[in-house]
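Student: Can we go through this one together? I'd like to start with the ligand.

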Amino acid sequence: MDILIKGNTKLSGEVEISSAKNSILPILAASILSSEPVTIHKVPLIKDVFIIAEILETLGLQLEWKQQDITISGLAFSTHPPFDLVRQIRASFLLMGPLLAKYGKARIAFPGGCAIGHRPIDLHLKGLQRLGASIHLTAGDVMATAQRLYGAHIYLDYPSVGATENLIMAASIAEGTSYIENAAREPEIVDLANFINAMGGKISGAGTGLITIEGVKKLSGVEYQAIPDRIEAGTYMVAVAATSGNALIKNVIPEHVKAVSAKLMETGAVIEEEKNQLWVQGSQEVQPVYIKTLPYPGFPTDMQAQMMAYLSRGKGSSIISESVFENRFMHVPELKRMGAKIRIEGRTSVIEGKSRLTGTTVKASDLRAGAALVIAGMMADGITMVKDHQHVERGYENLAQKLNLMGAEIHYRDSPGQAL
Ligand code: UD1
């Protein structure tokens, strides 16, 4: 699927942020743990959510959608999700912890998802072994079994978001107390813990480096709504700044986007925070900045590509150092095709700035790279075609519609009568 973006637009007005994709995915996985129906409100209607939902159904759970609310009930008759679905989304590996804890076994293909470098699962597996699981690796699958999981002390070599989530879920109905040290501190971890606690779990310390999970016998039903998507919010903030626009971002927790706000302000943008919303006003002159991606509360790797598109029009050279993922500069050649002057030195990109981007045909290699190209398209002269836009649809609910309501001119290429 391709989209066409008319350049030189200025975003204004307001945009409402959806629930966080990266909360909803583990929350849907954790619903497996419950013995009673679980309802999640305001679920974003995006591809990644549909895939996890489909996986749950193929396992035997019943899913009932009412507009954006989803109720999950029943029991799984399989603990072996289908390869074709699992390969589409890395977050499907989050089913490992809950399936193992509830059913004593799980067999899952090595995860797929965004092509952003080597994404191992060793920390997930080591942690599950500490909880008492036996792990067998075959050519394409991971098989885990355990009669019972037991509370344990787990130290993560790196504060992996996915490993922390898998281990929280597995430990929540294990026998005894578990401690996860050097745990990831992302807001989505806190959201998952709040969700499990709302079902009767006993998790404390989420949001800090030490999470304590007292295993409980069973988890019960709940109605829950996830936090706003801080990466979606950050993407709109950068888009507004990049187009020298002025807009209100609604349904955002300003604390969760602090790292992005701070960098945008350093570039000259004005950010005004209110309780659950914030104003962004872009400036004509963009000051160059230095950014290093880090685990939360550092600058999010998921905002790196969008920020790079913006910095291409900086007054001087900016530097972005990617410390979280090995190979996450796939957007660079595409931005260069549009006229950005960027060079990569190992895991660092030097963005020379002073570039006037020109619309051309570019390709979205992954979700956030695609979002960056959409931003670049709005900044550019002329028309940009973003090919493989389906990557963007994986994580942004109604991206084109939301941007168009703010003054962008974005159209799906294959919609008849919508040529620019
Ligand atoms: C999650 C997010 C993703 C975000 C990332 C980092 C979801 C669904 N996805 O991905 O959007 O970009 O956090 O904020 O929430 N690692 C290992 N061994 C492991 C696990 C991870 O070495 O067992 C490494 C990875 O290769 C990577 C780093 O740790 O270099 C961070 O990965 P991790 O925090 O696990 O990210 P995800 O949970 O995959």
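Tutor: We'll take the ligand, then a pocket.
This is a predicted model, where local features need pLDDT of at least 70, side-chain atom pairs count only at pLDDT 80 or more, and totals for chains, interfaces and linings use all residues. Residues are numbered from 1 along each chain as its sequence is written, and side-chain values use heavy atoms, with hydrogens and water left out.

Student: How many residues surround the ligand?

Tutor: 18 do. Each has a heavy atom within 4 Å of the ligand. R90, D122, S160, D302 and V324 are the closest.

Student: What does R90 do there?

Tutor: An N or O atom in the R90 side chain is 2.7 Å from a ligand oxygen. A polar contact is a pair of N or O atoms within 3.5 Å. V161 has a backbone N or O atom 2.8 Å from an oxygen of the ligand.

Student: Which helix gives the largest share of the shell?

Tutor: α5, with three residues. Helices here are DSSP runs (H or I, at least four residues).

Student: Why does the ligand lie between domains 1 and 2?

Tutor: Because domain 1 (2–18 + 228–413) and domain 2 (21–225) both give residues to its shell. The bounds come from an automatic or database domain assignment.

Student: New topic. Which residues are closest to the centre of the second largest pocket?

Tutor: N8, A242, R313, R356 and M379, out of 13 that line the pocket. Lining residues have an atom within 4 Å of a grid point; on a 1 Å grid over the protein atoms alone, a pocket is an open set where a 1.4 Å probe fits, with protein on both sides within 12 Å along at least five of seven lines.

Definitions and conventions:
A polar contact is a pair of N or O atoms within 3.5 Å; within protein, one must be able to donate a hydrogen and the other to accept it, and residues adjacent in sequence count only if both atoms are side-chain atoms. Helices (H or I, at least four residues) and strands (E, at least two) are DSSP runs, numbered from the N terminus.
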